[in-house]
Amino acid sequence: MKINLPDGSKLDVDNNPTVYSVAEGISKGLARDSVAGEVNGKPVDIYYELNDGDNVKIITSKDKKGLEILRHSTAHLMAHAVKRLFPEAKVTIGPVVEDGFYYDFDIEKPFTPEDLELIEKEMKKLSDAKIDIRRKEMEKDKAVKLFNEMGETYKSEIISEIEEENVSLYEQGDFIDLCRGPHLDNTSKIKHFKLLSVAGAYWRGDERNKMLQRIYGTAWFKKSELDEYLQRLEEAKKRDHRKLGKELELFSSFDEVGSGLICWLPKGSKVRLAIENFWREEHIKNDYEILYTPHIGKANLWQTSGHLDFYSENMYSPMDIEGQEYYIKPMNCPFHIMIYKTKTRSYRDLPLRWAELGTVYRYERSGVLHGLLRVRGFTQDDAHIICTDKQIESEISEVLDFSLNIWKDFGFSSVKGYIATKPEKSVGDEAMWQKATDSLTKAIVKSGIDYELDEGGGAFYGPKIDLKVKDAIGREWQMTTIQFDFNLPERFDMNYIDSDGKEKRPFMVHRALLGSLERFFGVLVEHYAGAFPFWIAPTQIKVLNISDDQLDYCKQLVKKLKGKGFRVEPDYRNEKIGYKIREAQLEKIPHMLIIGKEEVENNTVSVRLRDGKNKNNLDFNEYFDVIKYIDENKSVNLWR
RNA sequence: GCUGGCAUAGCUCAGUAGGUAGAGCGAUGAACUCGUAAUUCAUAGGUCGCCGGUUCAAUUCCGGCUGCCAGCUCCA
């Protein structure tokens, strides 16, 4: 008989061929590498028996699907081990997730880290036992009966919801699990795995349901891949902004102040100031005007804006001021709109681009707070663009370009866009949505940003573009958001007088480029692992003297550099130069000026860069030219 | 908010089978005046997160609260 291969060729095969025997027929290497198959587009096990004329594709360990199958089989192996060690545990579901898998168990006593070690050992044993993993088809009611007999009530619950008549089970030794498959054919193929953590998770993700115990793990085909992955986790730990924030004295939060409220320490504040200064300059260059608005506003304002109706869950309780209710702001928009309404606007005034570093407060459930990335008080780099329908396309285009330039300056080169379109429940007429969505799409195409469509993912008040940036170790962070708002102009009855003398409703766009300064700072810390580029570093230059004899010279240097606007700190302590260098190095300071007898005599500076390289005996002006250059050009390099 | 874990000196952490605690780093002082990642010696520093209970005695055991961590849920 004949089967078809993906490249269009046909292969003659003997009787009773399987996916594996086909792979073997092609090459030994392919057979060794094979994990599963795809027959007529359906994933199957490697021992699946083929029929004449089948289209067969071999899934190998190099395919993404192959890795998913390995991880899924590892999840089963883990469940197998758990059932052997904890027979009272009920199995539920065990899917593949990014970089690994998890399995949820219903068990009274939560797993401890020691349990994880035991389970891992048991998994190794089961792997060494080389147990065959075999698929079985069964009628639904029979399967329900089987699982009920075993006490696996979650499984029977799942089966009873499956539409098909038959379900598939996978059996390995004394363990059997409901599963669509495919799976590896033997436990011995699962070698390189690690159980990572245990946590609670609700049955079916619903917080009204029972809390189950979830074990997370990872699995790989090669030991080197597992090691690499574990190393990546280590690397992420090292970059953790909460750890670096403490070590580098950047920010802090206090039990006494409250959860999710951030205090910026002097060094972190210096970074923030550099970011804010840059932000302001760029906004002014890009024809924005900068606004300042209060932190609280009367209930009536939030009633008009609709926040009290639609956003109150995220707002803090009102405070009573002379019998009036005031709310602390969760957003800046109502204030900007009030400013818009201070006078009659003409079409000649538009577009208006109003930006504010506005500090807002939103209630977040205590469990979701996380360092700088999820907080209760934060400063948005907010702006509102108010324009006519003819202007929206060019306005969106300009915002996108602006955003890209900002990200480039901060050292993020990889940006991805997501356009979210009209959801089921929405305000504003169809034509407006269409026009706005078109302008978003056109602008993003023009910008050259790679993007995806999130159909129906927009807010009820308008479509949006979100931008995700990729950091130094490949993680994506959602930062920029550009959102149309068809709701607020209506609610506040915003108007302008068009050229025909008629009142018209302007378009309004909210946008935040960095998102919030807190979150952005957190991402920035992780991106650079605390080693900021020269232009952002809290201390750019540290002046280290060899001995007291150079004190006067050093003081002059510091004065000169400060006069030029650089952030420079002295270290004149009576310590060995190695000690001072070590400290400056741990502070991740870009430049150290090492000043000894030689430098004083020659009227020069010697620079030790953060990367350990040296630039010795430079004339001051020569050095000044270099730092001026790398500072102004926002270079990520330490030297020109 | 939910489940589980954790909270000891400025930081990182040890310890007390219930009898009020210790290291390293850091800080301070002194000596050394020193050339590219840790000089030496000395000193100070803790109501053992907060509140309550059990006990002759609680940092230790129990309960509540606050905060942090992992995850779930949430993120119009």
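**Domains.** I began with the division of chain A in this predicted model. I noted domain 1 (2-60), domain 2 (66-236), domain 3 (271-293 + 332-526), domain 4 (294-328) and domain 5 (541-632). Domain 3 is written as two stretches, 271-293 and 332-526. I then looked up how far domain 1 lies from domain 5, and found their C-alpha centres 68 Å apart.

**Surface near RNA strand B.** I next asked which residues come nearest to RNA strand B. I recorded Gly200, Gly205, Ser366, Gly367 and Gly596, out of 50 residues around the strand. For the secondary structure, I listed the elements that give two or more residues to this surface. The helices are H8 (241-247), H18 (577-586) and H19 (597-602). The strands are E12 (192-202), E13 (211-220), E32 (604-609) and E33 (614-619). Which element gives the most residues to this surface? I found that H18 does, with seven. By class, I noted 17 nonpolar, 19 polar and 14 charged residues on the surface near RNA strand B.

**Helices H3 and H4.** I then turned to the packing of helices, starting with H3 (residues 64-85) and H4 (residues 113-128). Their axes come within 9 Å and cross at roughly 110 degrees. H3 is therefore roughly perpendicular to H4. I entered the crossing as right-handed. On the H3 side, the contact is made by Leu77, Met78, His80, Ala81, Val82, Arg84 and Leu85. H4 contributes Leu118, Ile119, Glu122, Met123, Leu126 and Ser127. I classed the residues of this contact as nine nonpolar, two polar and two charged.

**Lys130, after H4.** I looked up Lys130 in the loop between H4 and strand E9 (134-139). I noted that Lys130 has a positive phi of about 50 degrees, although it is not a glycine.

**Helices H5 and H6.** Are H5 (residues 140-150) and H6 (residues 153-160) roughly parallel or roughly antiparallel to each other? I found that their axes come within 8 Å and cross at roughly 165 degrees. An angle over 145 degrees counts as roughly antiparallel, and H5 and H6 are therefore roughly antiparallel to each other. I recorded their crossing as left-handed. From H5, the residues in contact are Lys140, Ala143, Val144, Phe147 and Asn148. From H6, I listed Thr153, Lys155, Ser156, Ile159 and Ser160. This contact divides into four nonpolar, four polar and two charged residues.

**Helices H13 and H14.** For H13 (residues 392-409) and H14 (residues 430-447), I noted an angle of about 40 degrees, with the axes 8 Å apart. H13 is therefore oblique to H14. I entered this crossing as right-handed. H13 brings Ile392, Glu393, Ile396, Ser397, Leu400, Asp401 and Leu404 to the contact. H14 brings Ala436, Ser439, Leu440, Lys442, Ala443, Ile444, Lys446 and Ser447. I divided the residues of the contact of H13 with H14 into eight nonpolar, three polar and four charged.

**A cis peptide bond.** My last entry concerns Leu350 and Pro351, which I found joined by a cis peptide bond. Its omega is about 0 degrees. Where does Pro351 lie? I placed Pro351 in the loop between helix H12 (333-340) and strand E20 (352-361).

Methods:
Residues are numbered from 1 along each chain as its sequence is written. Chains are lettered from A and ligands numbered from 1 in the order in which they are written. This is a predicted model: local features need pLDDT of at least 70, side-chain atom pairs count only at pLDDT 80 or more; totals for chains, interfaces and linings use all residues. Axes are lines fitted to C-alpha atoms, for helices over the stretch in contact, and angles run from 0 to 180 degrees between N-to-C directions. Helices (H or I, at least four residues) and strands (E, at least two) are DSSP runs, numbered from the N terminus. Angles under 35 degrees count as roughly parallel, over 145 as roughly antiparallel, 65 to 115 as roughly perpendicular and the rest as oblique. A crossing is left-handed if the near helix is turned anticlockwise from the far one by less than a right angle, and right-handed if clockwise. Two residues are in contact if their C-beta atoms, placed from the backbone, lie within 7 Å. Ala, Val, Leu, Ile, Met, Phe, Trp, Tyr, Cys and Pro count as nonpolar, Asp, Glu, Lys and Arg as charged, and the others, Gly among them, as polar. A residue is near a molecule or strand if its C-beta atom, placed from the backbone, lies within 6 Å of it. Domain bounds come from an automatic or database domain assignment.
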